[in-house]
Every structure is written in C-alpha cells, then in structure tokens.
Amino acid sequence: MKAIKRLLLLLPALCLFVTVQAQSNLDRWMKKCETISSVEVTFIQMKDPATKKDEARIVKVNFNQQPELRKELLDAYFKDKEKESKDIISSSETRINGELLPVYCEFDKGNKVMVIYSFDLKKERVAVTMKYYYHYDPSKYGG
C-alpha cells in the first residue's frame, strides 16, 4: 500500500518530466546561443493586457558564418524530431542543394503550452525564432 501511495505521489512529477523533455536538444542549443557574444539574441515577452500575466516569450537568434553552430542546430532539430515525434504537431522541411533543412516545427508540451520554432537557414546567415506560449489558444494566435 505504501508503494502505491509513493507511486501516486511521483506520477505527476514523472508526467512533468516527460513533458519537459520535448525539444530538449533545441532548448539546449538556444541556451548555448544566448551565451555566445558573436550571436545576436533578441528577447520579447508578451503579456495579456487584461490579466497582466505572461502569455508568450519569443527568442530570436541570428548569426553569420558559423558553420559549426549551424551544424549543431541541425543535429539538435533532427534528434528532437526523431526522439519527440509524438509531441510534434506539425513540421516542415525543405531540401536545398541536397541538404534537408527545417523550416517550421510545433511542439505540444501539454497543459496548453506550445513551442513553435521557425528557421531561416542559409550558408552565410542563420535566423531561428522560438515562440513559447504559456497558455496557447489557437483562436487567439491564428492557429
């Protein structure tokens, strides 16, 4: 009986842990970019005007001529896409000069939390935008 009670107490934490795992490689890559001085990072925080609560956080990452960082991004994307395919709502990719590149990807983290990545990947310039919605409502955000 004690074991069942412990399991019931741990179950919500386990569910939270599994939910947080979605797109973990992309999350780590974004955090790494925030610490690199040659990478331009823009942060935007959106609040609900009525409640003043945080609604969304947008992080934009831009950099030039850093092929290793670009390769790390592609590796992170494809690892997360393979590992977390059940959490992906939609994604699109394009093939340019034989290279498969991500364009867009939506992750459902549960509890109305949505993370959307959009990518603009060129050899000389990379731009990635991450939109993290805390209380995602498709009708509100045009989805």
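Here are a few friendly notes on a predicted model, covering its cavity, helix 2 and Asn62.

1. Let's begin with the interior space. The count comes to one cavity of 30 Å³ or more, and the largest cavity has a volume of about 30 Å³.

2. Its walls are worth a look in your viewer. The residues lining the largest cavity are Phe63, Asn64, Gln65, Gln66, Pro67 and Arg70, together with Lys122, Lys123, Glu124, Arg125 and Val126. Strand 2 (54-64), helix 3 (67-83) and strand 6 (125-133) are the elements that each give two or more residues to this lining.

3. What about the chemistry of that lining? By class, five of the lining residues are charged, three are polar and three are nonpolar.

4. Now to helix 2, which spans residues 24-34. Its buried residues are Ser24, Asn25, Leu26, Trp29, Met30 and Cys33. In an α-helix there are 3.6 residues a turn, so residues three or four places apart point the same way. With that in mind, do trace Leu26, Trp29, Met30 and Cys33, which are among the buried residues of helix 2.

5. Which elements cover that buried set? The cover over the buried residues of helix 2 includes strand 1 (40-47), strand 2, helix 3, strand 4 (99-110), strand 5 (113-121) and strand 6.

6. Finally, please have a look at Asn62, which sits in strand 2. Asn62 counts as buried because its relative accessible area is 15%, under the 20% cut-off. Leaving aside neighbours within four places in sequence, Asn62 is in contact with Val39 and Glu40, and also with Arg125, Val126 and Ala127. Of these partners, Arg125 and Val126 also appear in the lining of the largest cavity.

Key: Residues numbered from 1 in each chain as written. Predicted model: local features only at pLDDT ≥ 70, side-chain atom pairs only at ≥ 80, totals over all residues. Heavy atoms only, no water. 1 Å grid on protein atoms, 1.4 Å probe; cavity = no way out; pocket = protein on both sides within 12 Å on 5 of 7 lines; lining within 4 Å. Points joined across faces, edges and corners; volume = space filled by probe spheres on them. Helix = DSSP H or I, 4+ residues; strand = E, 2+ residues; numbered from the N terminus. Nonpolar A, V, L, I, M, F, W, Y, C, P; charged D, E, K, R; others polar. Buried < 20%, exposed > 50% of the residue type's maximum accessible area, 1.4 Å probe, protein only. Contact = heavy atoms within 4.5 Å.
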